[in-house]
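Hi everyone, thanks for making room for me today. I'd like to walk you through a structure that's probably new to most of you, so let's put it up on the screen.

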Amino acid sequence: MADAPILGGSKKLTLDDAVFGAPFNGPLVHETVIAELAARRQGTHSTRTRGMVRGGGAKPWRQKGTGRARQGTIRAPQWTGGGVVFGPSPRHYTVKVNRKARKAALRSALSLHAERGSLFGLDAGTFDAPSTKQAAGLLEDRRGGSVLLLLGSEEALVAKSFRNLSRVNVLPAEAAGVADIVGAATLVASQEAIDALTARGASTKKEEASA
């Protein structure tokens, strides 16, 4: 049974081997991370076509006799201030990843932290009030890179304590994606968050039967 040390104490969190002891699947994690990052794009980029640009209702000059090329509107694409041809329009970048694959990628990301020893537990009960100083003390020896702190929905005091620390990202366990977990150098989670991650990454009997 895998475990993770708890910051600021000698106790350890017990981890489910089915979720935190899975083999790492690099291609599957890469596919899931790319899909998550693509889905976060707003996709609000837009340009105006010649029909959307204001002005240009009148023909700039007569068709023949001027020696210049014929023109129908000053809002044609070849004119300065004219419309844009084949420009970007609002769209979404969502890429579908099967639920079974997403769960397997999550297990791979969590298992990687457990294997490397970069996964730590946090006793949320030690925070009686928001205290950034107390939070910084717990992470004093673990600041080799970015830190991702995963918490439960009822642990607001802990979130307030850690959210002002540099290079520390605080997220609810339900909202953390594979990209967030893989991109963090250190993963810290409360017992409630560990339980939520275990529930998210656990395979159902139907999934195990179809494997």
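Okay, let's start at the end of a helix. Right after α3 comes G117, and its phi is positive, near 80°. Before I go on, one thing to keep in mind: this is a predicted model.

Now step back into α3 itself. The helix covers residues 99-116, and that's 18 residues. How far apart are its end C-alpha atoms? They are 26 Å apart, and that agrees with the 26 Å you should get at 1.5 Å a residue. A good part of α3 is buried, too: the buried residues include A101, K103, L106, R107, L110 and H113.

Glycine isn't alone in having a positive phi here. F86 has one as well, near 55°, and F86 is not a glycine. You'll find F86 in the loop between α2 and α3. Is F86 buried or exposed? It counts as exposed, because its relative accessibility is 84% and the cut-off is over 50%. R167 is another non-glycine with a positive phi, about 60°. R167 is in the loop between α5 and β5, and with a relative accessible area of 59% R167 is exposed.

Next up, salt bridges. How many turn up in a search of the whole structure? Just one. The partners are the side chains of R40 and D180, at 3.0 Å from N to O. The pair ties together distant parts of the chain: R40 is in the loop between α2 and α3, D180 is in helix α6, and they are 140 residues apart. As for how covered they are, R40 is partly exposed at 45% relative accessible area, whereas D180 is buried at 16%.

Let's go over to α2, where L28 has its place. L28 counts as buried, at 14% relative accessibility. If you go 14 residues along the sequence between L28 and Q42, the two C-alpha atoms are 24 Å apart in space.

Last stop, the surface. Which residues gather in a patch of negative charge there? They're E154, E174, E192 and D195. D195 belongs to helix α7, residues 191-201. D195 has a relative accessible area of 44%, so it lands in the partly exposed class, between 20% and 50%.

That's my tour. Happy to go back to any of these spots on the screen.

Definitions and conventions: Residues numbered from 1 in each chain as written. Predicted model: local features only at pLDDT ≥ 70, side-chain atom pairs only at ≥ 80, totals over all residues. Heavy atoms only, no water. Patch = residues over 30% accessible without salt bridge, like charges linked within 9 Å, V, L, I, M, F, W, Y side chains within 5 Å. Areas by Shrake-Rupley, 256 points an atom, 1.4 Å probe, with all protein chains shown as cover. Salt bridge = Lys/Arg side-chain N within 4 Å of Asp/Glu carboxyl O. Lys, Arg positive; Asp, Glu negative; His and termini not counted. Charge placed at Lys NZ, Arg CZ, Asp CG, Glu CD. Helix = DSSP H or I, 4+ residues; strand = E, 2+ residues; numbered from the N terminus. Buried < 20%, exposed > 50% of the residue type's maximum accessible area, 1.4 Å probe, protein only. Expected span 1.5 Å × (residues − 1).
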